[in-house]
Amino acid sequence: MIDNLLAHEADLWVYLASSPLLWLTLTLIAYVLADRISIAANRHPAVNLVAIAAALIIVALKLTGASYETYFAGAQFIHFLLGPATVALAIPLYRHWAQVRACALPILASLAVGALVAIFSAALLARLMGGDNLLIASLAPKSVTSPIAMSLSEHMGGAPFLTTCLVIITGVLGALILTPLMRLLRIRDSAAIGMAAGVASHGIGTARAFHVDSVAGAFGGIGMGLNGAFTSVILPLLRPLLGL
Amino acid sequence: MIAALAGIFLCQLLGESLCRFFALPLPGPVVGMGLLFFFLLIRGGQGEKAVPKPLAAVSDQLLGHLSLLFVPAAVGVMRYFDVLSQYALLLTVTLVVSTTLTLAATALTFQLLTKKS
C-alpha cells in the first residue's frame, strides 16, 4: 500500500518535473513574493526583485534536487519574453523622443565615458588583484546586455557562461547602488539616472530605472542599446591595451 | 492586443534576420527596437495619439515587469557557484567598485553637459 503510494508520488514528480508548468508556476510565485517584499519595503533599493526571486528558486531547486537544465526547460518561456520586451523599449523611447533629441550630446559623451570606465576599471582591478587573462576577458564586457557580452567574452578569450553570471551580478549591483549613489552625488535629473543605469547595468538596471520614473526607464533603454553597440565595436580594439 | 504583440514579434524577427544576414555585432531584439522606433517615427502623431493604444498597453505590461524576465537567467548563476566562490573576493571588489564608478562617471558626464547647454 505504502509502496504503491510512493510509486505514485515518484510518477507524479517525474511528470511535474518534466512539464513546464511547475517551473513556470515556481518562477511566477517567487517573483510575486519578491514583489510583495519589495512593496512592503517601499521599493527600497536593497530589496532587489531579481536577486530575491532567483534566490528563492535556487533554494527550491536545491531542496528538490532538480537541475538548472530541468528548471530552464520550463522557465525558458519567461526568458523568451526578454526579446519582445527589448523591442518594446522603443515605445518609452518614442514617448520621450523630444527630450532625447535635445540631449544628444550628453547622451553620446556619457556613453563613451561610461563604457570606457566600465571596461578599464573592471580589467585594471581584476589585474591588480591577481586575476588571470581568462577572468579579465570574462569581466571586461560585464556592463552590456548578455548576448553581446557572451560573444565579446568568447572573442577575447574569456568564458562566455561565466560572463553571463558576471553580467547578471553587475545588473543586480547596478540596481542596488543606483538610487543611493545618485542621492549621494545629488543627481536628480531622471535622464542622467536612467542613462547611468542602462550604460552600467544593462536591462536589470533599466528595470530599476523604470521604478524611478518613465523618463529614467526610456534613457535606460537608450543607454543599454547604445552601450551594447559601442562596447562591441571598441572592446576588440582595446584588446592590446588590456593586455589580452 | 494580439496585433500589437504580432507587431513586436515581427520587429524582433526582422531584427534577428538582419543581424544574421549582415553579421551585425548586435542582438536581434536591439535592432528590432530600432525598427519599431523607426516605424513610430514615420507614423508620427503627438501626445496621446503618439503610440497606438494596444501597442502602448502591451509595452507597458512587458516593461512593467521587466525584472521578472531576468529571473530564469539569474537562477543560472547557481551553476557557477564554485567558480564564483573561488574568486569571491576579486569578483566582489571588482564588480562593486567598477559598477559604482561606471554609474557615477556616466551620470556626472551627462549632468555636466546638460547644465552647459
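Below is a short tutorial conversation about reading helices, contacts and domains in a predicted model of two chains, A and B.

User: Let's start with the overall makeup. How many helices and strands does chain A have?

Analyst: A quick tally of secondary structure is a good way in. Chain A of this predicted model comes out with 13 helices and zero strands, so to speak an α at every position when you read its elements from the N terminus. Its C-alpha atoms fill a box of roughly 75 × 40 × 30 Å along the principal axes.

User: And which stretches of chain A does UniProt mark as "transmembrane region"?

Analyst: With a record like that, look up the spans and then check what the model does there. The unreviewed UniProt entry places the feature at residues 12-34, 46-65, 71-91, 103-126, 159-179, 191-210 and 216-238 of chain A. Take two of them. Residues 103-126 of chain A are 96% helix and 0% strand, with 34 Å between the end C-alpha atoms. Residues 216-238 of chain A are 100% helix and 0% strand, and there the end C-alpha atoms lie 30 Å apart.

User: Which residues of chain B carry that annotation?

Analyst: For chain B, the annotation, again from an unreviewed UniProt entry, covers residues 25-42, 62-81 and 87-113. The model gives 70% helix and 0% strand over residues 62-81 of chain B, whose end C-alpha atoms are 30 Å apart. Residues 87-113 of chain B come to 96% helix and 0% strand, with the end C-alpha atoms 38 Å apart.

User: Now helix pairs. At what angle do helix 8 and helix 13 of chain A cross?

Analyst: For a pair, take the axis distance and angle, then the handedness, then the residues that meet. Helix 8 (residues 104-128) and helix 13 (residues 214-238) of chain A have axes that come within 9 Å and cross at roughly 55°. Because of that angle, helix 8 of chain A counts as oblique to helix 13 of chain A. Helix 8 of chain A passes helix 13 of chain A in a right-handed crossing. From helix 8 of chain A, A:Ile107, A:Leu111, A:Ala115 and A:Ile119 take part, and their partners in helix 13 of chain A include A:Leu226, A:Phe230 and A:Ile234. By class, this contact has ten nonpolar residues, three polar and no charged.

User: What about helix 2 and helix 4 of chain A: how do their axes cross?

Analyst: Same routine. The axes of helix 2 (residues 20-40) of chain A and helix 4 of chain A come within 7 Å, crossing at roughly 60°. That angle makes helix 2 of chain A oblique to helix 4 of chain A, and the crossing is right-handed. Helix 2 of chain A contributes A:Pro20, A:Leu22, A:Trp23, A:Leu24 and A:Thr27, which meet residues of helix 4 of chain A including A:Tyr71, A:Gly74 and A:Phe77. The contact divides into nine nonpolar, two polar and no charged residues.

User: Over in chain B, why are helix 1 and helix 2 called oblique?

Analyst: Helix 1 (residues 2-22) and helix 2 (residues 28-43) of chain B pack at an angle of about 120°, with axes 7 Å apart. That angle is why helix 1 of chain B is oblique to helix 2 of chain B. Helix 1 of chain B passes helix 2 of chain B in a right-handed crossing. Among the residues that meet are B:Cys11, B:Glu16 and B:Leu18 in helix 1 of chain B, and B:Pro29, B:Val31 and B:Leu35 in helix 2 of chain B. The split for this contact is nine nonpolar, four polar and one charged.

User: Where do the domains of chain A begin and end?

Analyst: With domains, get the bounds, then see what touches. The assignment gives domain 1 (1-80) and domain 2 (82-244) of chain A, and their C-alpha centres lie 29 Å apart. Eight residues of domain 1 of chain A are in contact with ten residues of domain 2 of chain A. On the domain 1 side, helix 3 (49-64) and helix 4 (68-80) of chain A are the elements that give two or more residues. That side divides into five nonpolar, two polar and one charged residue.

User: Last one: how many residues of chain A are in contact with chain B?

Analyst: For an interface, count each side and then sort by class. Here 88 residues of chain A are in contact with 64 residues of chain B. The chain A side has 64 nonpolar, 22 polar and two charged residues.

Methods
Residues are numbered from 1 along each chain as its sequence is written. Chains are lettered from A and ligands numbered from 1 in the order in which they are written. This is a predicted model: local features need pLDDT of at least 70, side-chain atom pairs count only at pLDDT 80 or more; totals for chains, interfaces and linings use all residues. Axes are lines fitted to C-alpha atoms, for helices over the stretch in contact, and angles run from 0 to 180 degrees between N-to-C directions. Helices (H or I, at least four residues) and strands (E, at least two) are DSSP runs, numbered from the N terminus. Angles under 35 degrees count as roughly parallel, over 145 as roughly antiparallel, 65 to 115 as roughly perpendicular and the rest as oblique. A crossing is left-handed if the near helix is turned anticlockwise from the far one by less than a right angle, and right-handed if clockwise. Two residues are in contact if their C-beta atoms, placed from the backbone, lie within 7 Å. Ala, Val, Leu, Ile, Met, Phe, Trp, Tyr, Cys and Pro count as nonpolar, Asp, Glu, Lys and Arg as charged, and the others, Gly among them, as polar. UniProt positions are given in the numbering used here, feature names are shortened, and annotations may be inferred rather than shown by experiment. Domain bounds come from an automatic or database domain assignment.
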